[in-house]
Amino acid sequence: MKSGKVDVLLGLQWGDEGKGKVVDVLTPNYDVIARFQGGPNAGHTLEFEGEKYVLRSIPSGIFQGGKTNIIGNGVVLAPDLFMNEAKELEKSGHNLKDCLCISKKAHLIMPTHRLLDAAHEAAKGKSKVGTTGKGIGPTYTDKISRNGLRVGDIFENFKEKYAAHKARHEKMLESLKYTEYDICEVEKAWMEGIEYMKQFRIIDSEYEINKMLKNGNSILCEGAQGTMLDVDFGSYPFVTSSNTVCAGACTGLGIGPNKIGEVYGIMKAYCTRVGAGPFPTELFDDTGGKLRELGREYGAVTGRERRCGWIDLVALRYAITLNGVTQLIMMKSDVLDGFDTIKACVAYKQNGKEINHFPYNIDKGIEPIYKELPGWKTDMTKFTSEEQFPKEFNDYIDFLEKELETPIKIISIGPDRDQTIVRK
């Protein structure tokens, strides 16, 4: 890690790749961990010392002592959910107030944003996107339409600002014929969350981060969701409302592109997706069910079943290009331990033609073309070095590296932080 450089870590698929665990593993090499986009719709799961934690808004570097953690301007923050999450962590002995900072320019998710989320989804009927209902989309909509409420607003005339925003939202809900609701309790908890947030360092994060860089500090930027959910480049309209790609770290933290060093791209050894939207390699058979059970593929925040399928190299090549990935990290390799045959999608067939690029529309008419590889039929969960990998697993790694033209540097063989092998 060169001093004064920024490295970026992000997901290359449809989210849920295991970013939280990797941030936790890499944190000892960095001074600062910074979240750059997304909100409490994304849960980063970490397991160590027999405990399991799910982080929604707080960066995954808070478990390693002495590090600065920053919630950047590109994040949208729900004060009540943030307070609950932070208090849970403090209960388990992690002192956050010394190590966590929040950007003044991060936008606030209001209780009425959640109602708008539900109202918009209800209005869409069958064509709904499958949102988590956390108010993320409406908050980003307000941000882009220049109607947002930001963390920095909580220090001056806040009650008036809040009331004006709430009244505007209520008119919108009325026009959507969504009038049966009561947010008194939620609002009370939300306002408590606002007061609780004031106990943290609320900063001009873009200045602080650039000052840290000048002083030679190393920063790891943590992305949420995955590349295929990026609002510009993902499977639109079944996407999230922010830029999940590497460029999002620049806009979500105020960092110049020339400061970016390594770009860690995280992928699973297979593929999953939550909610609605196209998924070319999705399996509807017993194999898909087996992947779900073995991989414990249920949403960290919502508990929703994840849709499962084989690895999609067409989508991965696209994601690697968009992000300028320099190193790959493969998660959940152990989930494939028991399979006789492993499949990988190497191309698509669309309208009778074979294509290698990720097309504008993958909604219909896409048929995956698979290459079959022999499984390794070995329990790798107790392995401690790459020397122990079976030949078939090494062959799978070699195959992926050739197809993706990017080295796989880290392999995860289980949920615990110790079940991580860094390749030489």
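Two residues are said to be in contact here when heavy atoms of theirs lie within 4.5 Å. With that meaning in hand, this report looks at how domain 1 and domain 2 of the chain meet in a predicted model.

The domain assignment divides the chain into three parts, and domain 1 is made of two stretches, 5-103 and 203-264, while domain 2 covers 107-197 and domain 3 covers 267-422. The C-alpha centres of domain 1 and domain 2 lie 23 Å apart, and 27 residues of domain 1 are in contact with 22 residues of domain 2.

The size of an interface is often given as the accessible area lost when the parts come together. For domain 1 and domain 2 this buried area is about 2,000 Å², of which 68% falls on carbon and sulfur atoms.

Polar links are also found between the two domains, with seven residue pairs in polar contact, both residues at pLDDT 80 or more. The count of salt bridges between domain 1 and domain 2 is one, and the side chains of D80 and R114 meet in a salt bridge with an N to O distance of 2.7 Å.

On the side of domain 1 that touches domain 2, the elements below each supply at least two residues.

| Element | Residue range |
|---|---|
| β6 | residues 76-77 |
| α2 | residues 79-91 |
| β7 | residues 100-103 |

The largest share of this side of domain 1 comes from α2, which gives eight residues. Sorted by class, the side of domain 1 that touches domain 2 holds 14 nonpolar, nine polar and four charged residues.

Note on methods
Residues are numbered from 1 along each chain as its sequence is written. This is a predicted model: local features need pLDDT of at least 70, side-chain atom pairs count only at pLDDT 80 or more; totals for chains, interfaces and linings use all residues. Side-chain values use heavy atoms; hydrogens and water are left out. Domain bounds come from an automatic or database domain assignment. Buried area is the accessible area (1.4 Å probe) that two parts lose on being put together, summed over both. A salt bridge is a side-chain nitrogen of Lys or Arg within 4 Å of a carboxyl oxygen of Asp or Glu. A polar contact is a pair of N or O atoms within 3.5 Å; within protein, one must be able to donate a hydrogen and the other to accept it, and residues adjacent in sequence count only if both atoms are side-chain atoms. Helices (H or I, at least four residues) and strands (E, at least two) are DSSP runs, numbered from the N terminus. Ala, Val, Leu, Ile, Met, Phe, Trp, Tyr, Cys and Pro count as nonpolar, Asp, Glu, Lys and Arg as charged, and the others, Gly among them, as polar.
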